[in-house]
Each structure stands twice: as C-alpha cells, then as structure tokens.
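Trainee: I should like to work through this structure with you, one question at a time. Where should we begin?

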Amino acid sequence: MKWFDHITESLSRKVAQSSSRRSFLSGFGTALIGGAAIPILPVARAADNDSQQPAPPAEDPGDPTTCEYWRNCSIDGFLCSCCGGTKTSCPPGTEMSPITWIGTCRNPADGKDYIISYNDCCGKTSCGNCFCNTNVGDRPTYRPHTANDYNWCLGTSSAIYHCTVTLVLGIATKKS
Ligand code: ABN
C-alpha cells in the first residue's frame, strides 16, 4: 500500500500547490447555489406542474349538458358532457386537441368574464348529442383564429371530430 500512499500524497500536494482555499470555497459555493437554483428554472416548473391549470371559478352554476350553461356561450359543436365525457374531459377513446378556439363568457354567479378554451375531442365520429351553436364573439371563418366553425382536431393523432369541452383559462381583464 506504500505506492498508494505515495500517489495520493503527491496528488494532494499538486492540488494544494495549484489551488487556493479561496478559489475552492468560491467554486464550492457556486455549485451549491447553482444546484439549489435548478429546480426553480422555468423549464423544470413547466415540466411537472399540473397546478399551472388555473383554478375554475368557485361557483359554476348551470347544467353543462345544455347550450344555456354559461361556459357554452361561444360553442359550435357537440357537448362532451352529453357524449360520455364531462365539460372538461373527453369521452373514453378520444383525444383532446391542444389547438383550440378561445371565447369569453360571463359567469352569472359573479358577473365576471372568463376566457374559455373550446377544445375539440378527436378520434371518433361526431357524437351527435347536444349540438350547440351559440357563437358569442364568433367571427367569420376567413379569420380562423377568431372563428369557432372549424374542426380544431389538429395536433392529434386523428383529425376526426367527436365533441367539445370547455376549459376555463382565466378571468378576462380587458375588452378586445
Ligand atoms: N370545433 C367544432 C367543429 C368541428 C367540426 C366542424 C365545425 C366545428
């Protein structure tokens, strides 16, 4: 084991000669603070954070299976609540489109306007139940980003439209 002692001793001496205590402490401190900061980087938060979904309004009155339900104020399609899903979840065997039509609807419980995302559920033929065409704020189809009369089954594995869910994205603060 003498050779081992010899090697470690000479290595230690080399390290000691080529580095100062101050530079070691500074490097160690950087590593410590850098390591602690990694979890608060935006990418890390976005990757594992379901709580980024805004909380729905405390009061959510009405029957989601009717066209009169407040979230359905600007819809053009079949209500997923009548098709084996709910107002926020697609029926089994369908996939929610990540690309959507956005509308603004007033919640009668608090009189506030909310931004509603109308996500189409895709992968099965049209549901056929509870068709609604309410269209508040809808614009002609030559302006696709402001029109609801489109099949938004884009970015999904199937482009076949089945029904639409209504997700609350947040409170609308400004009239556009
Ligand atoms: N966004 C609902 C829809 C689907 C197909 C055609 C028109 C509208």
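Mentor: Let us begin with a term: a polar contact is a pair of N or O atoms within 3.5 Å. Please keep in mind that the model is predicted.

Trainee: Which residue has a backbone N or O atom 2.6 Å from a nitrogen atom of the ligand?

Mentor: The ligand is surrounded by eight residues that include Asp149, Tyr150 and Asn151. A backbone N or O atom of one of these lies 2.6 Å from a ligand nitrogen, within the 3.5 Å limit for a polar contact. That residue is Tyr150.

Trainee: How far from a nitrogen atom of the ligand is the polar side-chain atom of Asp120?

Mentor: Asp120 belongs to the residues that surround the ligand, as do Asp76 and Trp152. The contact here is made by a polar side-chain atom of Asp120, and its distance from a ligand nitrogen is 2.8 Å.

Trainee: How much of the ligand's accessible area does the protein cover?

Mentor: On its own, the ligand has 250 Å² of accessible area. The shell around the ligand divides into three nonpolar, two polar and three charged residues. The share of the ligand's area that the protein covers is 78%.

Trainee: Which residues are linked in a network of salt bridges?

Mentor: The structure holds three salt bridges. In one of them the side chains of Asp60 and Arg71 meet at 2.6 Å, N to O, and in another those of Lys87 and Asp60 meet at 2.9 Å. Asp60 takes part in both of these pairs. The network therefore consists of Asp60, Arg71 and Lys87.

Trainee: Is Arg71 buried or exposed?

Mentor: Its partner Asp60 is partly exposed, with a relative accessible area of 21%. Arg71 has a relative accessible area of 3%, and the cut-off for a buried residue is under 20%. Arg71 is therefore buried.

Trainee: How many residues apart in sequence are the parts that Lys87 and Asp60 tie together?

Mentor: Lys87 lies in the loop between β1 and β2, whereas Asp60 lies in the loop between α3 and β1. Their salt bridge therefore ties together parts whose separation in sequence is 27 residues.

Trainee: Which residue forms a salt bridge with Asp113?

Mentor: Strand β4 covers residues 112-122 and is joined to β3 by seven bridges, the two running antiparallel. On β3, the uncovered face consists of Ile102, Thr104 and Arg106. The closest N and O atoms of the salt bridge are 2.8 Å apart, and the partner of Asp113 is Arg106.

Notes. Residues are numbered from 1 along each chain as its sequence is written. This is a predicted model: local features need pLDDT of at least 70, side-chain atom pairs count only at pLDDT 80 or more; totals for chains, interfaces and linings use all residues. Side-chain values use heavy atoms; hydrogens and water are left out. Buried means under 20% relative accessible area, exposed over 50%, partly exposed in between (1.4 Å probe, protein chains only). Helices (H or I, at least four residues) and strands (E, at least two) are DSSP runs, numbered from the N terminus. Two strands pair if DSSP finds at least two bridges between them. A residue is near a molecule or strand if one of its heavy atoms lies within 4 Å of it. A polar contact is a pair of N or O atoms within 3.5 Å; within protein, one must be able to donate a hydrogen and the other to accept it, and residues adjacent in sequence count only if both atoms are side-chain atoms. Accessible areas come from the Shrake-Rupley method with a 1.4 Å probe; for residues, only the protein chains shown count as cover. Ala, Val, Leu, Ile, Met, Phe, Trp, Tyr, Cys and Pro count as nonpolar, Asp, Glu, Lys and Arg as charged, and the others, Gly among them, as polar. A salt bridge is a side-chain nitrogen of Lys or Arg within 4 Å of a carboxyl oxygen of Asp or Glu.
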